[in-house]
Amino acid sequence: MRQAPFRILLGLFCLLVAVWLVMPTLVIIPMSFNEKKSLAFPPSGFSWQWYENFFTNPDWLSSFFNSLRVAGLVAVAATLIGTLASLGLSRMKHSGAGLLRAILITPMIVPGVVLAIGIYAVYLDYQLVGTTTGFVIAHTMLAIPFVIIAVSASLEVFDVRLETAAASLGADRFTTFRTVTLPLIAPGILSGLLFAFVTSFDEIIVALFITSPYLKTLPVQIFTSITRDADPTVTAVGTIIFIATTLIISAGLIISSKSTRS
Amino acid sequence: MSASNTRERGAAIDIKGATKRYGNFTALDDVSLHIEPGEFMTLLGPSGSGKTTTLNVVAGFTDLTSGDLAVGGKSIVALPAHKRNIGVVFQHYALFPHMTVGKNVAYPLTLRGMDKQARDRLVVRALDMVKMADFAHRYPSELSGGQQQRVALARAIVFDPPLLLMDEPLGALDKKLREWLQLEIKRIHRELGTTFVYVTHDQEEALVLSDRIAVFNQGRIEQVGTGRQLYDEPTTLFVAKFIGESTSLRGAAQTSGNETSLTIAGQKIVAGGKLAGGRKPVVLLRPEKLSLASTKTPAAAGQNSLTGEVSEAIYLGSGSKYQVTLRDGSVAIVRSSLEATPFSIGDTVDLRWSVVDAKLLADDDRADMTMT
């Protein structure tokens, strides 16, 4: 039992790190029930008014639905493109496959602000600033790497020889894909879809550049609201998004871990 | 299915001048093989000999560089794998993990648009045949390797293909299970009457299962024949060494008339007939054709005799097995019956055999490569 003091110290240190990581997120939850119109911490009193404001104020609601619409379209587009890309990459025998994969992953590595400047410059020319199309194209690009990573992981454990077996039993290539490949990589595709949705839903950097007064996404609305006045509605929104994304991402992780285990 | 019509259910296979090249590497070199309807043909050979390539070509997984392939008299070279209607059993089972055993076996029937009632009947019949009917609702991951392979077999025969290909189907299973499943496969072949083409590198398995065996080496067929033909009348040294145990003797050769004799470490033996083409001869002897005798007893007429020393003596119950190191350093393997005089390690003995029991073959250094 000589190690006991050391173990306690280690435990405390870990707790400190955990608090440091989670606290900034959790702090908004009590703040969202603040009675006064202030962002002071600790909050005083209890009220649902900021939640009420979120659900009644058209500025907040329209930005929320904008985000939902954009993220929904992005999830579909990125999943489709990302899945096809992963399938192609996994079948490619050419040595260029690795390079191609690296290129497809770059939007995840390139600093967001650099991307945002480039996108903004191009969008000005093509009048895509402040349009749903513009948001969907930009966010799809950002979400594709997440889909590729998730789908590639399930293709890694997929036994290609099953496709040969299906062919011997009379299945053409499309039937083989539909009845054998797709069901077996579906968990990867589904978790890619969830990641793509979340990537778009909480994206702020590119959104700030290509937003317009007519099309604001929720993160943009939060940012403008908090810089203009200290409206505690942002904490209510933050809490809602936090809970929603936690649920979605956990679902995605559970699904993908299940698929790699089997 | 009456016994009288079972033989008609299989298709004849004709492989003509099949060649497959990958860049500079020739995987199949002008292979021709005729397989009778309903025959159990085994493609036997070491890894890389072309036997699996041949199977993949017939299944449609690999294209030929040149040559032709016909099943039931019709060329199928141009048909993609999924249109060939040939059953395939893989070494790695290849069952669909997201489907139950029943769904796996029903899969080829569903693809053929069969209604559920007829499908269910055929699935039950196929699973019955492999004794897996009780497992229809299980998933492949809940089955052992042997059970999975039986399900894979049921799936490959359920749509009643005229030809079934099996690629080392028992390769991943342990010896006991393998021996039992060999007999099962033999029984299913008899019941179905389908043509079976079976790939293995295990010569014992080939002998147990096959009507005929095609021995592959370096992309070519060395010899095709029944197990007995390959064992008793090998035409090449490679076949002789690949099937069964044998002793090969080499020495300075003299040919006089129609007779070749070898001189081995000062002792002369009669090797038999005459080799065509003046190639270097080697004398091949099966262990049961050899006997050991004391050096004092004279050899009978028509017998050869070579002196050596017993280097290993193994009692096998049904008889004994000896290794005898000859004076030129080569090792002979001898199997003797229970009645024969026993010898011990270190004894100096005479190795005896009848001239007619020796097989004279052309020497071939390729033949030794595979035994490593």
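Start with chain A: of its 262 residues, 37% count as buried. The model is predicted, so colour it by pLDDT before going further.

**Chain A as a whole**

Select chain A and show the C-alpha trace. Along its principal axes the trace spans about 70 × 70 × 30 Å. Switch to a cartoon, and the secondary structure comes to 12 helices and zero strands. With pLDDT as the colour scheme, the mean for chain A is 89, and 97% of its residues reach 70 or more. Two elements mark the ends of the range: helix 12 (residues 233–261) of chain A has the lowest mean pLDDT among the elements of the chain, 80, and helix 8 (residues 161–168) of chain A has the highest, 96. Among contacts in chain A with a separation of 6 or more, 76% are between residues 24 or more positions apart.

**The largest nonpolar core**

Next, select A:Val147, A:Ala196, B:Ala154, B:Leu165 and B:Val197. Within the largest nonpolar core, which has 139 residues, these five touch the most other members. Now select helix 7 (residues 132–157) of chain A, which supplies the largest share of this core, 13 residues. On the chain B side, the core takes at least three residues from each of domain 1 (3–241) and domain 2 (245–369).

What surrounds A:Val147, once its neighbours within four places in sequence are left aside? Its contacts are then A:Ala78, A:Thr79, A:Gly82, A:Thr83, A:Gly192, A:Phe195 and A:Ala196. A:Ala196 is itself one of the five core residues selected above.

Another core, of nine residues, lies apart from the largest one. To find this second core, select A:Trp50, A:Ile222, A:Val234 and A:Ala236, which are among its members.

**Where the chains meet**

Show both chains and select the residues in contact between them. The selection holds 17 residues of chain B and 15 residues of chain A. Which helix of chain B gives the most to the side that touches chain A? Helix 2 (residues 101–111) of chain B does, with three residues. Colour that side of chain B by residue class, and it shows 12 nonpolar, three polar and two charged residues.

**The two domains of chain B**

Hide chain A and colour chain B by domain. The domain assignment gives domain 1 (3–241) and domain 2 (245–369). Place a marker at the C-alpha centre of each domain of chain B; the two centres lie 39 Å apart. Where the domains of chain B touch, eight residues of domain 1 are in contact with 11 residues of domain 2. Helix 8 (residues 237–242) of chain B gives the most to the domain 1 side, with four residues. By class, that side divides into four nonpolar, three polar and one charged.

**Strands 17, 18 and 20 of chain B**

Finish with strand 17 (residues 303–315) of chain B, and add strand 18 (residues 319–326) of chain B to the selection. The two pair in the antiparallel sense over seven bridges. B:Tyr315 has B:Ser320 as its bridge partner in strand 18 of chain B. These strands of chain B form a hairpin with three residues between them. Select B:Gly317 in the turn: its phi is positive, about 90°.

Then add strand 20 (residues 348–354) of chain B. Seven bridges join it to strand 17 of chain B, and the two run antiparallel. For one bridge pair, select B:Thr307 and its partner in strand 20 of chain B, B:Asp350.

Terms used:
Residues numbered from 1 in each chain as written. Chains lettered and ligands numbered in written order. Predicted model: local features only at pLDDT ≥ 70, side-chain atom pairs only at ≥ 80, totals over all residues. Core = buried A, V, L, I, M, F, W, Y, C linked by C-beta atoms within 7 Å. Buried ≥ 20, exposed ≤ 12 C-beta atoms within 10 Å, placed from the backbone. Domains from an automatic or database assignment. Contact = placed C-beta atoms within 7 Å. Nonpolar A, V, L, I, M, F, W, Y, C, P; charged D, E, K, R; others polar. Pairing = 2+ DSSP bridges. pLDDT = per-residue confidence, 0-100.
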